[in-house]
Each structure stands twice: as C-alpha cells, then as structure tokens.
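Work through the exercises below with the sequence and the model side by side, and try each task yourself before you read its solution.

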Amino acid sequence: MAKELPPILRQYDRLIAVGVLAAVAISLLYLVVFGLQAKEKEEKYKTSVTAPSAEPIKPADFSALRKAIDAAAKPDPKAALRVRASAEDPDLFTPERRVFCIKCANPIEFAGEDSDVAQKCPFCGAAQPVKEKIDYSTVDSDEDGLPDVWETANKLNPNDPADADADNDSDGFTNAQEYLAKTDPNDAKSHPAYDDFLRLGEISGTKVPLRITNAMQLPSVKDAAGNEVKVFDVTFVSVSPDGVAGTTPLRVKTGAPIGKTGFTLVRYDRVDKKPIKVGQHGTTQLIEVSTALVKRDSDGKTATLTHWDPKNPDWPGEPLLEQQARLSCEIPGVEPATVTEGGAYRVKAETYAVKRIDPAAKTVTLERRADKRVIVLGEAGLVQAPAAKPAPAPAAAKPAGGQAK
C-alpha cells in the first residue's frame, strides 16, 4: 500500500495560485503609487515654470559684425589700423592698447597717459609709472620716414612702408618729398618747388670764328665832334667750327669789315700786358691780354675777343654769340629742352624765364614767373636763389672807333 503524502504537499497547486495572485496585487499597488508620484512631480514642475511674456523679442543687431567681417575680407589698403585706447572702446578685430611691464616685460593693459593710479602688473605685481607722456608725433611704425600721425592725417597707411615712395596726387613728387616740404600729398596744386629738381646740361652756341694775333697802333684821327680817336691795325685769323685756326692773316683798321667773315671791328682796347706763370716751372711772362669788340653784320650782335697767345693758360677761347643751354627736371613727365637767353622753360604749370647764360661760370640765371624769384642753376644743381632784383640799365653805346677807358 502506497504511503500517504503530507497535507501541505497535497495542496501545493493551491499555494502556487495564491502566490501568483499576491504578486499581481503588489504590482498593481506599486503602479498606482508610482503614477500618483509622477503626477505630483508634473504638477510641481508646471507651477515652477514662469509663463512666457507676450512682448516680442527684438532681433539682435549684427551690422557692426557684418561691417567688421566685410572689412576683414576686403581690407582697404589706405585704411590706417588703429588701436583701442581702453577696453571701454570695443571694436571687433581691434586689440586694446597694451604696454610691456617695466619688470617682467609681459604685455599688460595700458592705463592711459594721464592715469594718477599706479597700475600693478597682474603677472609680477610691479607698480607701473604714472602720467608718462608719450610723444606720438614721432612714432613711425613702418619706419618709412613718415610719422604715423602725419600718415593717418593724410590718408596713408602707417603700417605700409611702400606708400612713402608713392605719389597720391600724381604731381610728380613722392609722399616723402611732400612730407619734407610740408605740402599736401593729396593735392596736385600743393607740391615742393621745382627749383631743387632743375638740372643744367651742356652750354653751347655759335662761336665767333676769329682770333686776334697781332695789333699795331696807328696815328689817331678826329671824329665829327673833334674828339681824338685812336686807330689800330689789328690782325685776325679765321677759326673753323672744330677750333682749327687758319694761316691767312686778316688785317683791318678800327671800324672796317674783317675780310669776308661777316664781322666788323668796332673797337680795339689796348691794356698793359699781364704777368702770367707759364710752363712746367711756372716762369712768369708778360702776356698780351688786350681785347677787341667785333660786331656781326647780319644782326648787329657783338662779342669781345681776347688777344690769342698759345702760351696764355688763361685764354678764355672764342666767345659765344648764340648761347644756349640744355635744361631738364627730375620730375616724371617733364621733358628736357634747349633754351636761349630770353626764352623760357616750362615745368608742368610753372614757367622759368631764361635771363642769362654764362658759359664761363657754367651757370644759367632763371626767373620764376609766378613770383619773380631769381635762381642761379649750375652743373651740380641750384647754386643760389637770391631775391629778385631789377635788371641794371644797359650801358650807353660808344661811338665806333672809340677807346675804352
């Protein structure tokens, strides 16, 4: 006969069903409690959030940002880069001014020129000088010889050294030359004077084709007024354009034509012989230095010849009749020109009248028509610029055959 099971084992299926029902009941209870707590939290959140204002929010102004971005994308080459004086002057892409600490040399904020408070370095704690005056008129950031203050005032870039050699107003002068002359580099009518840029080239002209080789005094005669006039028999030789003297003598008396040369002997001025040192050893000899005034028959132009002596080292040579000079100007766009006495040389809007050409001194005297200022130009440039003076009255003409005193 089989053994009978204990009572609890005989009811195990009922016990499992009771356990399952209990677990389901606990789960339902938990869900109810969790739902109530979640709802309570939701209510608390809703009550804590402030209701939005009905007033619309103004859109942000990005015009300064757009302007700064455009300037950074397409920078103006003539725009001067500035530095903020303080943090209270905000500007995108523009740093505030900083200085080096006097002790640790770290860059620190610039307190200002007139600060009465000793600023301390945030790195080392050293006190910085106060009320230090900075002379900005001499600051030259790009080291082109033009101060930053002047460049900024005249629309140049203080960080671009190339603008010193530029010509903003196209007047022929660089910005550096305009700065030195204290003129406006942006105004073509304001520029340095052209005087310092004028140059003298070759002085040339038509030479008198005659040389005096000898002279002999003849008996004096009386003119129509009864005055005694000295007469000379003067010997000339012709000279070719290349300076070669002929061998055929041309003897002529005072007041007579000199052969077929087209010249007339107006006057012979006898002077004492001059002691001149000649030769390698410097021997002093008496050299004839008398002169003759000759006139060209075609136009009456006169010239003075000095007695020719091959031993005379001071002999001036044949004088020039039509003296002309080559003038130029070191300004772009101004062409050189050959001028004569009485002519003019034009430099852009300025005109210089040619008053005198001196081949012996190798100078040309010019008068600036704008203000009557007289300048003397030599081979090396401007010799002097004296104040304008009235021309001296011409000497009275002497009668033909007269003797100079």
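**Exercise 1: a sheet and its edges**

Strand β10 (residues 291–296) and strand β11 run antiparallel and are joined by five bridges. The model is a predicted one, in which local features need pLDDT of at least 70 and side-chain atom pairs count only at pLDDT 80 or more, while totals for chains, interfaces and linings use all residues. Residues are numbered from 1 along each chain as its sequence is written, and side-chain values use heavy atoms, with hydrogens and water left out.

Task: Find the order of the strands in the sheet that contains β10, and say which strands stand at its edges.

Solution. Begin with the terms: strands (E, at least two residues) and helices (H or I, at least four residues) are DSSP runs numbered from the N terminus, and two strands pair if DSSP finds at least two bridges between them. Strands of a sheet pair through backbone hydrogen bonds, either parallel or antiparallel. Here three strands form an open sheet in the order β7-β10-β11, with antiparallel pairing. The edges are β7 (263–269) and β11 (302–306), each of which has a single partner strand, so one side of each is left without a neighbour in the sheet. From one strand to the next the twist averages 25°, where axes are lines fitted to C-alpha atoms (for helices over the stretch in contact) and angles run from 0 to 180 degrees between N-to-C directions. As a last step, locate Ala 292, which stands opposite Leu 305 in β11.

**Exercise 2: a strand with two faces**

Task: Describe the sheet that contains β12, and decide which side chains of β12 are buried and which are not.

Solution. First, set out the sheet: its three strands follow the order β3-β12-β13, and the pairing is antiparallel. The edge strands, each pairing on one side only, are β3 (198–204) and β13 (337–340). Neighbouring strands of this sheet are turned by 35° against each other on average, direction ignored.

Second, take the two pairings in turn. β3 and β12 pair over five bridges in the antiparallel sense, and Ile 203 stands opposite Ala 325 in β12. Strand β12 (residues 324–329) also pairs with β13, over four antiparallel bridges; Gln 324 stands opposite Thr 340, and the bridge partner of Leu 327 is Ala 337.

Third, follow the side chains, remembering that buried means under 20% relative accessible area, exposed over 50%, and partly exposed in between (1.4 Å probe, protein chains only). They alternate along β12: Ala 325, Leu 327 and Cys 329 point to one face and are buried, whereas Gln 324, Arg 326 and Ser 328 point to the other face and are not buried.

**Exercise 3: two lysines and their phi angles**

Task: Where do Lys 155 and Lys 182 lie, and what is the sign of phi at each?

Solution. Start from the usual case: most residues other than glycine have a negative phi, and most peptide bonds are trans. Lys 155, in the loop between α4 and α5, has a positive phi of about 65° although it is not a glycine. This residue counts as exposed because its relative accessibility is 61%. Lys 182, in the loop between α5 and β3, has a positive phi of about 60°, and it is not a glycine either. With a relative accessible area of 76%, Lys 182 is exposed.

**Exercise 4: a proline in a loop**

Task: Locate Pro 161 and name the residues that it touches, not counting residues up to four places away in sequence.

Solution. Pro 161 is found in the loop between α4 (148–153) and α5 (175–181), and its relative accessibility of 44% makes it partly exposed. With the stated neighbours in sequence left out, Pro 161 touches Asp 142 and Asp 144, where contact means heavy atoms within 4.5 Å. Asp 144 and Pro 161 are 17 residues apart in sequence, yet 5.0 Å apart in space, C-alpha to C-alpha.

**Exercise 5: the chain as a whole**

Task: How many helices and strands does the protein chain have, and what percentage of its residues count as buried?

Solution. The secondary structure comes to five helices and 18 strands. Of the 405 residues of the protein chain, 29% count as buried.
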